[in-house]
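Student: Please pick one part of this model and take me through it closely. I would like to know what lies around it, too.

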Amino acid sequence: MAIKIFRDFFKRIFSGLFANKSDIKLGFYGPPNSGKTSLANRICKDWTGEEIGSVSKVPHETRNVQFKEKVEIAYKGKKMMFKMIDTPGIATKIDYEDFLKYKVNKKDARERAKEATQGIIESIKWLDDMDMVVIVLDSTKNPYNQVNITIIGNLVARKIPVLIVANKIDLRKSDVKKIEAAFPEYDVVGISARLGKNLEEFYESIFRVSKKKK
Amino acid sequence: MVKKRGQEKIGKIKGFSIQFLPYSEIRLLDGNGRIRKILDIVLGNNILILQGRLRAEEESRLIGDTMAMIGHVKNFKGIELAVVASNGEQNLFNKFKSNMANALLGGDLGAVTIIGPASIVKEIKRNPKKIELLLNK
């Protein structure tokens with residue numbers, strides 16, 4: 001009997017320890033071409049030496065959910081293990097003709113549009129599985145976009161912590177204050193994923209927001 | 001009759017209408033029913049003005065179902081969507097009051113949702129205080 005009590009006690013302790021050590025599923029969400037993959041690449045490159053996916057000026061370059069396991073991020077002596085999940089940009093419309101402007105041929109444009117619609121469906125399905133989400137917004141664009149509001153609304157309803165990244169601060173039109181004004185209840189960090197600007201503050205915010213995780 | 005400036009452009013848009021849907025029309029429907037009703041209206045080349053708003057998970061479901069239809073419904077390229085919410089900056093008491101009212105009424109009736117087919121609505125431009133519908137030529 002005493003042995004059984006001891007065994008159960010240790011089992012509980014150890015399972016608890018391992019549960020805490022499981023990787024935090026960190027999702028990158030946002031509209032197309034906001035720089036989700038650029039940011040995920042920057043982080044993965046910094047901590048694992050490898051990138052997660054390809055980037056392009058043509059919208060909907062990421063059309064499948066992409067993963068990078070075991071990304072350990074250290075900040076001020078603390079370490080956390082993440083599973084990075086880069087998702088296709090969410091939009092409410094896809095027109096293959098929009099891709100033709102980028103000199104994509106008609107057949108490829110149609111295929112890209114088809115894959116992009118599937119990618120958006122996949123992104124939405126993955127919302128349930130995240131432990132924490134980074135919403136990547138293009139700080140040169142109007143943040144009052146229903147897609148942004150819908151994604152955040154879904155995350156709030158699921159009690160998933162959110163960090164908003166105002167990307168592309170290296171560009172002249174960038175307006176981080178506008179994003180802060182649009183989402184006053186959330187942490188907003190201005191960065192440039194392309195140039196690796198202000199990533200220290202980003203990592204600090206990641207550690208701070210991760211404490212809100214269920 | 002001499003056409004005034006601007007009238008010519010409006011004449012070029014292929015037929016569409018604006019439909020107003022009171023919340024009572026969707027209050028008793030489940031998520032599936034609401035989305036089906038909305039998409040039926042939008043697929044009929046109508047711009048829908050819905051009293052109230054969908055729940056967050058219904059909004060994302062609407063986007064997902066819209067994506068599933070692109071490529072399967074002729075000339076359908078998706079939707080333009082915007083919600084103008086009623087609650088701006090509120091103190092805690094007012095927030096509690098509006099949450100109570102929303103719970104009793106079954107939704108945020110002060111909000112307005114605008115949904116239009118992307119083939120007609122080019123963009124819904126918004127900032128916190130105004131909303132503009134830009135139509136395709």
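Tutor: We will look at a sheet in chain B, then at a loop beside it, and last at chain A. This is a predicted model, in which local features need pLDDT of at least 70 and side-chain atom pairs count only at pLDDT 80 or more, while totals for chains, interfaces and linings use all residues. Residues are numbered from 1 along each chain as its sequence is written, with chains lettered from A and ligands numbered from 1 in the order in which they are written.

Start with the sheet. Four strands of chain B form an open sheet, in the order E1-E2-E4-E3. Strands, like helices, are DSSP runs numbered from the N terminus (at least two residues for E, at least four for H or I). The pairing in this sheet is mixed. Two strands pair if DSSP finds at least two bridges between them. Strand E1 (17-21) and E3 of chain B are the edge strands, and each pairs on one side only. On average, neighbouring strands are turned by 15° against each other, direction ignored.

Now take one pair. E3(B) and strand E4 (residues 112-117) of chain B are antiparallel, with six bridges. Here B:Ala82 stands opposite B:Ile114 in E4(B). Helix H3 (residues 31-43) of chain B packs on the sheet. It touches E1, strand E2 (46-51), E3 and E4 of chain B. The direction of H3(B) makes about 145° with that of E2(B).

Next comes the loop. B:Ala85 sits between strand E3 (79-84) and helix H5 (92-105) of chain B. Is B:Ala85 buried or exposed? It is partly exposed, because 13 other C-beta atoms lie within 10 Å; 20 or more would make a residue buried, and 12 or fewer exposed, with C-beta atoms placed from the backbone. Beyond its neighbours within four places in sequence, B:Ala85 is in contact (C-beta atoms within 7 Å) with B:Arg53, B:Asp108 and B:Ala111. B:Val112 is 27 residues from B:Ala85 in sequence, yet their C-alpha atoms are 6.5 Å apart in space.

Finally, turn to the other chain. In chain A, 18 residues are in contact with 22 residues of chain B. Helix H4 (106-126) and helix H5 (146-157) of chain A are the elements that give two or more residues to this side. H5(A) gives the most, with six residues. Chain A as a whole has seven helices and six strands. Of its 214 residues, 43% count as buried.

Methods
Contact = placed C-beta atoms within 7 Å. Axes fitted to C-alpha atoms, helices over the stretch in contact; angles between N-to-C directions.
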